[in-house]
Amino acid sequence: MTKHDSKYMQRCLDLAQLGYKSAHPNPMVGCVIVHEGKIIGEGYHTAYGKAHAEVEAINSVMDKSLLRDSTLYVNLEPCAHHGKTPPCADLVIRHQLKRVVIANTDPHEVVAGTGIERMKANGIEVKTGVLESKGRILNRRFFTYHEKKRPYIMLKWAQTADGFLGRTTGDSGSPHISGKLANQYVHELRASVDGIFVGTQTVVQDNPSLNVRHVEGPSPHRFTIDHNNRIPTDSKLLSDGLPTTIFSKSKFTDRHVVLDTEDDIWAKMMDYWYQNGIQSVLIEGGTNILNQFIEKNRFDEIITITSSKNWVSGVASPKTPQLPVYQEFQLGSDRISIYHNNH
């Protein structure tokens, strides 16, 4: 791997990140085309159902005759199947690219190396594994879904500096923990996932919307659990017109999905999400739900938002497992900490 390969692949990853809120359930992909040390074209997958990164990059090249003597960099293997768009591997072959450099092989069963083999069979030099670990981190939700046959699970909560995430009945003072910037960050997270989940108690007590409001982006499919049909029909989750599914032991309404509670209901939820194409789920609480995911080690990522406030009393936040901090940054007076569970 040359330093130039790394440099251009990093540019692919930076471009791919631009599809953070709009590409899913497709992976985030960026593409750069280089001719004699100069970038002559680039693009990224802007949204699910729209042109792939390779198409955007090739279309951006003004002089197509340069392509046959150029290198195409892309962070995920070009597809070799007909989906919502034609195969990108065929497009690369048609334009006779001299060389293709890839970060990650596509784990999707309909690709899984076939794009690479097709390009090689047509005389294109293919190099893989450039910034491979960075590529896997970027598309960790996509890789988890296709390799582990389950969604990528993210636990998120906001907590005070002294370790509380909610008020108890009768407590005085504002129930708000985090500030405006942190709230916008949470809505960015919501826009980037396929599903969001909270427990019955959270819905009954807080009546949350669980949609995307403070930023532009799609709202996730809402999920909750309610075995005894406690959630009021006029709650926001059931009356605002956005999709909501309720896991339950009985089918009270068309929104209810019956899961056998005699066995591991959490495993059944994971399987339901996988079977229904939900690649990533943000778990927003409450404490009991969060602790159950932690205790069963059924999570891939924890995101905590810690404010500078002290409440002295309230509902205690979950205890973060002993995991290394992957990333930490400040948003106003709130500290965002991200932990990856490499299990």
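Two strands are taken as paired if DSSP finds at least two bridges between them, and strands (E, at least two residues) and helices (H or I, at least four) are DSSP runs numbered from the N terminus. With these terms in place, M154 of strand 6 (residues 152-159) stands opposite L282 in strand 12. The structure is a predicted model, in which local features need pLDDT of at least 70 and side-chain atom pairs count only at pLDDT 80 or more, while totals for chains, interfaces and linings use all residues. Residues are numbered from 1 along each chain as its sequence is written, and side-chain values use heavy atoms, with hydrogens and water left out.

Strand 6 is a good place to begin. Of its 8 residues, 8 are buried, where buried means under 20% relative accessible area, exposed over 50% and partly exposed in between (1.4 Å probe, protein chains only). The cover extends to both faces: Y152, M154, K156 and A158 are buried on one side, and I153, L155, W157 and Q159 on the other. Strand 6 pairs in the parallel sense with strand 12 (residues 280-285) over 4 bridges. With strand 13 (residues 301-306), the pairing is again parallel and runs over 6 bridges, and here L155 stands opposite I302.

These strands belong to an open sheet of 9 strands with mixed pairing and the order 11-10-9-8-12-6-13-16-15. Strand 11 (256-258) and strand 15 (325-331) each have a single partner strand, so each edge strand has one side without a neighbour in the sheet. Neighbouring strands are turned against each other by 20° on average, direction ignored; axes are lines fitted to C-alpha atoms, for helices over the stretch in contact, and angles run from 0 to 180 degrees between N-to-C directions. At the strand 15 edge, strand 15 and strand 16 (residues 334-340) run antiparallel and are joined by 6 bridges, with F329 having I336 in strand 16 as its bridge partner. Helix 10 (residues 265-275) packs on this sheet, touching strand 6, strand 8 (195-198), strand 9 (221-225), strand 10 (244-248), strand 11 and strand 12, and its direction makes about 150° with that of strand 10. Contact here means heavy atoms within 4.5 Å. Helix 11 (residues 287-295) lies across strand 6, strand 8 and strand 12, and runs at about 135° to strand 6.

Strand 12 also has links to helix 7 (residues 180-192), the helix that holds R190. R190 counts as buried because its relative accessibility is 8%. Leaving out residues up to four places away in sequence, R190 touches I196, L210, N211, V212, R213, P218, P220, L282 and E284. The side chains of R190 and E284 are joined by a polar contact of 3.0 Å (a pair of N or O atoms within 3.5 Å; within protein, one must be able to donate a hydrogen and the other to accept it, and residues adjacent in sequence count only if both atoms are side-chain atoms). By contrast, P324 lies 24 Å from R190, C-alpha to C-alpha, at a separation of 134 residues in sequence.

A second sheet can be followed in a similar way. Its 5 strands form an open sheet in the order 2-1-3-4-5, with mixed pairing. Strand 2 and strand 5 (125-127) stand at the edges with a single partner strand each, so one side of each lacks a neighbour in the sheet. The twist from one strand to the next averages 15°. Within this sheet, 5 bridges pair strand 3 with strand 4 (residues 99-104) in the parallel sense, and V100 in strand 4 is the bridge partner of L72.

Helices also pack against these strands. In helix 2 (residues 53-60), the buried residues are A53, E54, A57 and I58. They lie on the same side of helix 2 because they cover an arc of only 125° around the axis, the arc being that of the directions from the helix axis to the C-beta atoms. These buried residues pack against strand 1 (30-35), strand 2 (38-44), strand 3 (71-76) and helix 3 (88-94). Helix 2 lies across strand 1, strand 2 and strand 3, at about 140° to strand 2.

In helix 1, the buried residues are D5, S6, Y8, M9, C12, L13, L15 and A16, and their cover includes strand 1, strand 2, strand 3, strand 4, strand 5 and helix 5. The loop between helix 5 (132-138) and helix 6 (140-148) contains N139, which counts as buried at 4% relative accessibility. Beyond its neighbours within four places in sequence, N139 is in contact with P27, M28 and N75.
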